[in-house]
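Reader: I'd like to go through this model and ask how each label was earned. Could you set the values against the cut-offs as we go?

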Amino acid sequence: MTTLLEPLRRIAAYGVCADSDGRVLLVRASQRSGTPGTWSLPGGAVDHGEDPNHTVVRETAAETGLSVAVSGLRDVLADMRALPDRGITIHTDRLLYTVAVRGGTLTDRVDRPTDLARWFTPEEARELPLRSFAARALGLPTSSADVVPEEVPEFPSFYAVPGPDGLHRAQRFAAYAVVTDPEERVLLTRVSDGYPGAGCWHLPGGGTDYGEQPGAALIRELVEETGQTGRLVELLGVASHRDAASLGPEGYPIDWHGVRAFYRVVVDQPAPPTVADVGGSTCEARWFRREELGALPTDRLTEVTAEAVHAAHLI
């Protein structure tokens, strides 16, 4: 039974690294891990406040002895796995990057969660017990190395834990959309009073639910916040922002770390925006023409919005 396992959630970042011969770098889980003997991409959990790009570099060096440089974002996905021996089930939001070796020496580790690092051809990797997300990243058939929970456990959409500096801290993964219509208008939402960034224009979207894929969460949030039905076009990037003492409706300062995937979404049949979740963090939704968006002062846009619309070459 996996329904009684304690649910946990984390954000992690991994590197897909190939050498000049087309071999890919993989690491093996040791007996100290939850899935001993399986092979995976180098990487691991994103620390609070850490940019996922830095996570990939740090974790790859620790697990393989190699220094890598990040060259691009490949994919963002989520999965659940049950670890009955530990009494837990974990939802992980995984950021997959393309990386290249710039130095170091391949090194095995002792008494750590991973113990071997090796280069494999695609044919050799196909025969390994790969973690499902690693197989997907490499375009190989997924294996049954991960135990999937029978049901999605209940898990709060928000929780904060005491941090070492005395402030509560929260790390949250979210998916947001740069939404356009056939007239190339851009859809934005305005943050309600009482929430961080109150009054600023924001991208439609929000935190993903436990067990939910980012793309599905985004389309759901788009309907709830604006009344629009959209289709995913492409993944534009990932933003990582930390607000070290944000005061929101909880009534006490929180050290927030948000990791946000943002996508290009098209609404083929736009309608007047409507906010279904009255009283929530969104108080208004509006279509902006390109010139109107460009005329907005920078301080009227949230950080992730400014970053995403620039990535989409809209302003």
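Reader: Which residues of helix α6 (residues 303–311) are called buried?

Author: One thing up front: this is a predicted model. In α6 the buried residues are V304, T305, A306, A308 and V309. The label means that each of them has under 20% relative accessible area.

Reader: What covers the buried residues of α6?

Author: The cover includes the strands β9 (168–180), β10 (186–191), β11 (201–202), β13 (231–247) and β14 (253–266), along with the helix α5 (290–295).

Reader: Where is H313, and what makes its phi worth a remark?

Author: H313 sits in the segment after α6. Its phi is positive, about 60°, although H313 is not a glycine.

Reader: Why is H313 called exposed?

Author: Its relative accessible area is 64%. Exposed means over 50%, so H313 with its 64% gets that label.

Reader: What other residue has a positive phi although it is not a glycine, and is that one buried or exposed?

Author: That would be D111, again with a phi of about 60°. D111 lies in the loop between β6 and β7. Its relative accessible area is 56%, and the cut-off for exposed is over 50%, so D111 is exposed.

Reader: What makes R58 and E59 a salt bridge?

Author: The closest N and O atoms of R58 and E59 are 3.0 Å apart. The rule asks for a side-chain nitrogen of Lys or Arg within 4 Å of a carboxyl oxygen of Asp or Glu, so the pair R58 and E59 qualifies at 3.0 Å.

Reader: Why do R58 and E59 get their burial labels?

Author: E59 has 15% relative accessibility. Buried means under 20%, so E59 counts as buried. R58 comes to 31%, and values between the 20% and 50% cut-offs are called partly exposed, so R58 takes that label.

Reader: How do you know that D108 and R118 form a salt bridge?

Author: Their side chains meet at 2.8 Å, N to O. With the limit at 4 Å, the pair D108 and R118 therefore counts. The pair links distant parts of the chain: D108 is in the loop between β6 and β7 (114–120), while R118 is in strand β7, ten residues apart.

Reader: Why are D108 and R118 both called partly exposed?

Author: D108 has a relative accessible area of 38% and R118 has 31%. Partly exposed runs between the 20% and 50% cut-offs, so both D108 and R118 belong there.

Reader: What makes E292 and R286 a salt bridge?

Author: The N to O distance for E292 and R286 is 3.7 Å. The limit is 4 Å, so this pair is in as well. E292 is at 33% relative accessibility, and R286 also has 33%, so both are partly exposed by the 20% and 50% cut-offs.

Reader: Which residues are joined into one network by salt bridges that share partners?

Author: The network takes in D209, E212, R220, E221 and E224. By the same distance rule, the count for salt bridges comes to 22.

Reader: Where is Y195, and why is it called partly exposed?

Author: Y195 is in the loop between β10 and β11. At 27% relative accessibility, Y195 falls between 20% and 50%, so it is partly exposed.

Reader: What does Y195 touch, leaving out residues up to four places away in sequence?

Author: Y195 touches P249, G279, G280 and S281. Touching here means heavy atoms within 4.5 Å. By contrast, Y195 and E123 are 51 Å apart, C-alpha to C-alpha, and 72 residues apart in sequence.

Reader: How many residues line the second largest pocket, and which lie nearest its centre?

Author: There are 29 lining residues, and R10, G43, E63, P113 and T114 lie nearest the centre. The space in this pocket is about 520 Å³. The lining divides into ten nonpolar, eight polar and eleven charged residues.

Reader: Which residues does the "Nudix hydrolase" domain annotation cover?

Author: The unreviewed UniProt entry places that domain at residues 7–142 and 170–310. Residues 7–142 are 18% helix and 47% strand, and residues 170–310 are 19% helix and 43% strand.

How values were computed. Residues numbered from 1 in each chain as written. Predicted model: local features only at pLDDT ≥ 70, side-chain atom pairs only at ≥ 80, totals over all residues. Heavy atoms only, no water. UniProt positions renumbered as here; feature names shortened; annotations may be inferred. Helix = DSSP H or I, 4+ residues; strand = E, 2+ residues; numbered from the N terminus. 1 Å grid on protein atoms, 1.4 Å probe; cavity = no way out; pocket = protein on both sides within 12 Å on 5 of 7 lines; lining within 4 Å. Points joined across faces, edges and corners; volume = space filled by probe spheres on them. Nonpolar A, V, L, I, M, F, W, Y, C, P; charged D, E, K, R; others polar. Buried < 20%, exposed > 50% of the residue type's maximum accessible area, 1.4 Å probe, protein only.
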